[in-house]
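The following paragraphs lead through a protein–DNA model, one strand at a time.

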Protein chains: 2
Amino acid sequence: MAERGSTGAMARGDTLLFLTDDQLRRGIEAMFFAYRGFTADPDRILIEKGYGRAHHRAVHFINRTPGTTVNNLLSILGVTKQSLNRVLRTLVDDGLVEARVGIRDKRERHLHLTEAGKALEQALSEAQRNRMRVAFRNAGPEAVQGFRAVLEEMMDPEMRRQYLDGVDQG
Amino acid sequence: MAERGSTGAMARGDTLLFLTDDQLRRGIEAMFFAYRGFTADPDRILIEKGYGRAHHRAVHFINRTPGTTVNNLLSILGVTKQSLNRVLRTLVDDGLVEARVGIRDKRERHLHLTEAGKALEQALSEAQRNRMRVAFRNAGPEAVQGFRAVLEEMMDPEMRRQYLDGVDQG
DNA sequence: CAGTTTATGTCAGCCTTGTTGACTTTCCAA
DNA sequence: TTGGAAAGTCAACAAGGCTGACATAAACTG
């Protein structure tokens with residue numbers, strides 16, 4: 001069988017897939033358009049409450065790892081401390097996040113969601129999960145595994161570590 | 001078999017997948033971390049050249065659909081004309097994009113990449129395709145199909161139409 | 001104990017990229 | 001010929017990135 005496109009083909013089992021530039025472009029556009037859908041629902045809630053995506057990200061990861069330190073959050077989010085601090089300050093001022101001084105190391109601030117913070121996180125993640133759930137259902141379980149496999153391969157190694165850290169069993 | 005989690009399970013063929021909130025959270029984080037990797041390579045090139053992601057998006061879709069109008073591009077990108085115009089102006093001024101007055105409708109501007117514009121587009125998309133190609137290769141062809149299926153399901157209907165528009169045969 | 005490093009916070013200023021609102025010019029179509 | 005669509009422009013603003021500089025407290029190190 002002749003090769004099509006400039007990048008060759010990949011095969012496994014009964015499936016044959018040509019990685020032409022056009023196939024790759026489709027993947028790129030899929031990421032672009034899907035990310036918009038991915039953020040659309042929480043964005044609507046955030047605008048209502050006067051917050052932005054940066055607040056969402058902070059709240060998400062504080063919820064995922066309660067007691068995480070500022071430095072820890074910085075490395076997950078990949079922004080500067082000035083940028084994160086601006087967001088964190090409003091969250092603390094608004095009573096959504098509590099920054100507890102560390103016990104062993106008093107320089108550290110351990111971040112926790114308050115009840116109000118948990119409520120916002122719930123609202124945001126529920127909206128996002130709903131879309132994800134529908135997408136997963138419609139695509140089917142095998143597609144979900146493929147989705148995760150490709151996304152994991154697309155991550156930078158450091159981000160991949162962060163991603164795998166957040167898994168319960170492994 | 002008892003149900004686990006609050007959202008039930010999905011099954012198809014020999015695969016069984018529980019759509020617990022934690023499974024969905026993993027999917028959410030996968031999108032978050034992967035999108036960072038997805039944009040990382042072109043971002044480096046863009047910074048060098050003094051452009052941003054907005055320029056990349058414009059150049060990408062002008063390349064995909066040469067002769068597209070400003071309005072068309074607006075509906076694909078989902079930003080205001082003022083926002084797009086600022087980006088487009090710099091690209092025209094820098095000689096990367098040509099805005100040709102419409103023949104049938106002279107109000108319209110038909111956008112084309114110049115040679116310099118094509119060169120930038122090539123550099124950006126090559127970097128992005130390389131990562132996508134490696135991710136596709138490592139994940140395997142079945143995973144790629146699943147990846148695309150889930151992303152397509154995640155899009156808003158309007159974006160989905162735009163996405164499917166960009167496909168050669170169907 | 002003195003000096004250095006680390007964790008955090010903060011001030012100031014800059015950039016990109018999004019927004020709204022108002023207004024103009026061009027020009028197609030009824 | 002006139003209404004409205006397409007496009008462009010000006011102004012102002014906000015979110016959320018960035019850099020640089022500096023302050024403070026705590027921990028660590030010799």
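**Protein surfaces around the two DNA strands**

In this predicted model, 25 residues surround DNA strand D, and those that come nearest are A:Gly52, A:Arg57, A:Arg86, B:Lys81 and B:Arg107; a residue is near a strand if one of its heavy atoms lies within 4 Å of it. Local features need pLDDT of at least 70 and side-chain atom pairs count only at pLDDT 80 or more, whereas totals for chains, interfaces and linings use all residues. Residues are numbered from 1 along each chain as its sequence is written, chains are lettered from A and ligands numbered from 1 in the order in which they are written, and side-chain values use heavy atoms, with hydrogens and water left out.

Of the strand D atoms within 4 Å of the protein, sugar or phosphate accounts for 57% and bases for the rest. A phosphate oxygen of strand D lies 2.7 Å from a backbone N or O atom of A:Thr80. Base oxygens of this strand are also approached by side-chain N or O atoms: that of A:Gln82 at 2.8 Å and that of B:Lys81 at 2.5 Å.

Around DNA strand C there are 24 residues, of which A:Lys81, B:Gly52, B:Arg57, B:Thr80 and B:Arg86 come nearest. Here 58% of the strand's atoms within 4 Å of the protein belong to sugar or phosphate, and the rest to bases. A backbone N or O atom of B:Arg53 is 2.8 Å from a phosphate oxygen of strand C, while a side-chain N or O atom of B:Gln82 is 2.9 Å from a base oxygen.

How values were computed: A polar contact is a pair of N or O atoms within 3.5 Å; within protein, one must be able to donate a hydrogen and the other to accept it, and residues adjacent in sequence count only if both atoms are side-chain atoms.
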